[in-house]
Amino acid sequence: MTARDWKNLVLGSVLLGIAALLPLTGDAYAIALGVNIAMYGVLATSWALFSGPTHYISLATAAFFGVGTYVTASGIDVLPYWALPPLAGIIGGILAGIVGLATLRLSGVYFVIFTLGLAEMIRQIVTWWQNATGHKGSYVLTDLTENHIYWQLLGVAALVYLAGWAIGRSRLGFALRIIGDDEQVASHVGINTAVSKVALFIVPGAVAAIVGAMIAPRYIYIEPSTAFTPMLSFQVVIMAMLGGTGRLWGPIVGVIPFTLLWEVISVSFPNQTTLLLGLCFLLIVYLLPNGFVGLFEKIRARALSKEAYQ
Amino acid sequence: MRGGAQVLSLRGATKRFGGLVAVDGIDFDVHEHEVLGLIGPNGSGKSTTLNLISGALAPTSGTITLRGAPISGQPAREIARRGVARTFQLVRLLPSMTVLENVMAGAVFGHRRRWGHAAEAQALAVLEKVGLAGAAGSRVGQLTYIDTKRVELARALAGDPEVLLLDEWLAGLNPTELEQGIDLIHKLRDEGRTVVLVEHVMDAIRSLCDACVVMSSGRKIAEGTPSEVLSDPEVVRAYLGDDNA
Ligand SMILES: Nc1ncnc2c1ncn2[C@@H]1O[C@H](COP(=O)(O)OP(=O)(O)O)[C@@H](O)[C@H]1O
Ligand SMILES: [Mg+2]
């Protein structure tokens, strides 16, 4: 590890440590916001690990998240809670592997549509199964508080950052960047593009399922329309793009302001959320095509070139 | 003089695009340390032949072997690992990466795989060889045309391939650059590399190639040393059209 790696590791740990102190404030509203930020932060960061370098826009987050919530909903009476998030991760990872194998040959817009349809399809299957068996929804009753959920999510965040850091330094991470730039060049230098893409597509799938499993106790009552809400997939994409996917720290920089903004929107305009989400998306794509990361890099490049002329 | 061991062989290699037979039963061998020129008029099937060898396209029929082992129909990544590296007729670089990273792509995933410092050292050594030692940190968008071609060549060389396929690597260069380019390929030849060269520049063919295969409308119409094939009346006819023959 280089000196810069150590610096980043220390900086990251300190920031995470400070974030972990939030529940000590005892401010229920702040903690609830903190859970949202941690949840979207984990989802957006893991989403960007795959979609950042490859430019494949995945709208499958809700599918994996929903599967995770249902792992908790159906497992809570049989298994101890601590076993459920890891189990959800395994199931989400396997599902992502299958979906990846089936879809990553699709290009561009077909991939987007398929991943969007996936969440809807699984939602329909769960609804059908519930109707067939006479269930309507499931209760998840635990003694977990918001604080517990928050700390669990921070733990996952730490793992996601470590995984992202390791992938960024691995052959796999390099392969994905090459694939994102030019898939034909990638295969002509000897990269197994299908295996590389599927391997990395599994990461956000597993993570979203874990997050779903951890959030389930917060919902208390689980039903398909909340567990598989497509809104979640779009929010994750928008936040990651607002922050920028070129750097590991990019998505969280988008998640924090967007979650706060979303809080205002859903309180003040509860009936126009979808419309405003679409508007946010257009604004980001037009004004900040590379997110805050791109903006930061542009400013830094300008500062550097100014220095060079002096 | 064609002494070395056979590295690459094509037997009856054929590619159809619908009704069009772009490559029609091509046979030829490439020997070790040999520069083979693949020449012919535009549209005669040269690039398609390279695509069949590199695995960009699967042959409709026929076999291609690398050191005796069949590679035809294998995916491009497998053929690259076995030791075939190429450049493209229209240069393809990795736009988001530096020159060094572009070349490391070849060093990390190519025929001979390296990682970390070894891959970086290999990429720098190859960059030096193609005359780009100072440009390692540049973005590819800042490069001149010949330098983009150099980067692509360096990427192909970085994996220590058994065979190098160059598709019109000298095309589009101005006279000064052309001279530098020919010198560079001479250097590769002197190192004993095995190269298949698709080329239009006659001076380059004469001075670089040990052997030539001439294609016209997908078929091989002549084979031999450059001076033999370039004085062959059928080759002259193919290039100039029947009226001039
Ligand atoms: N992917 C393709 N689909 C259909 N036709 C193609 C394709 N690639 C090449 N061709 C056709 O095959 C013929 C040979 O092309 P090419 O190999 O590029 O010739 P050359 O490199 O000798 O100029 C041309 O008629 C070209 O139009
Ligand atoms: Mg061509």
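A residue is called buried here when its relative accessible area is under 20%, and exposed when that value is over 50%. With that cut-off in mind, the tour below moves through a predicted model, beginning in chain A and ending in chain B.

**First stop: S58(A)**

Select S58(A), which sits in the loop that joins α2 (28-54) to α3 (61-75) of chain A. Because its relative accessible area is 5%, S58(A) counts as buried. If you then display the surroundings, setting aside neighbours within four places in sequence, you will find S58(A) in contact with W47(A), S51(A), F111(A), T115(A), F201(A) and V237(A). The side chain of S58(A) also has a polar atom that lies 3.2 Å from the backbone nitrogen of A60(A).

**Second stop: the end of α13(A)**

Now select helix α13 of chain A, residues 273-287, in which L287(A) lies. Is L287(A) buried or exposed? Its relative accessibility is 64%, and therefore L287(A) counts as exposed. Colour L279(A), F281(A), L282(A), L283(A), V285(A) and Y286(A) together with L287(A), and you will see a nonpolar surface patch of about 740 Å².

**Third stop: ligand 1**

Move to ligand 1 and show the residues around it, which are F17(B), L20(B), A22(B), P41(B), N42(B), G43(B), S44(B), G45(B), K46(B), S47(B) and T48(B). Two elements of chain B, β2 (20-31) and α1 (46-54), each supply at least two residues of this shell, and α1(B) gives the most, with 3 residues.

For the polar atoms, look at the oxygen atoms of the ligand: one is 2.9 Å from an N or O atom in the side chain of S47(B), while backbone N or O atoms of G45(B) and S44(B) lie 3.0 Å and 3.2 Å from an oxygen atom of ligand 1. Taken alone, ligand 1 exposes 560 Å², of which the protein buries 60%.

**Last stop: α3(B)**

Finally, select helix α3 of chain B, residues 99-109, where 10 of the 11 residues are buried, so the helix is largely enclosed by the rest of the structure. The buried residues are V99(B), L100(B), N102(B), V103(B), M104(B), A105(B), G106(B), A107(B), V108(B) and F109(B). What covers them? The cover includes α2 (76-82), α4 (117-129) and α5 (145-157) of chain B, together with α7 (171-181) of chain A, so keep both chains displayed when you inspect α3(B), whose enclosure is by the rest of the structure.

Notes
Residues are numbered from 1 along each chain as its sequence is written. Chains are lettered from A and ligands numbered from 1 in the order in which they are written. This is a predicted model: local features need pLDDT of at least 70, side-chain atom pairs count only at pLDDT 80 or more; totals for chains, interfaces and linings use all residues. Side-chain values use heavy atoms; hydrogens and water are left out. Patches are made of residues with over 30% relative accessible area and no salt bridge: like charges are joined within 9 Å, nonpolar side chains (Val, Leu, Ile, Met, Phe, Trp, Tyr) within 5 Å. Accessible areas come from the Shrake-Rupley method with a 1.4 Å probe; for residues, only the protein chains shown count as cover. A salt bridge is a side-chain nitrogen of Lys or Arg within 4 Å of a carboxyl oxygen of Asp or Glu. Helices (H or I, at least four residues) and strands (E, at least two) are DSSP runs, numbered from the N terminus. Buried means under 20% relative accessible area, exposed over 50%, partly exposed in between (1.4 Å probe, protein chains only). A polar contact is a pair of N or O atoms within 3.5 Å; within protein, one must be able to donate a hydrogen and the other to accept it, and residues adjacent in sequence count only if both atoms are side-chain atoms. Contact means heavy atoms within 4.5 Å. A residue is near a molecule or strand if one of its heavy atoms lies within 4 Å of it.
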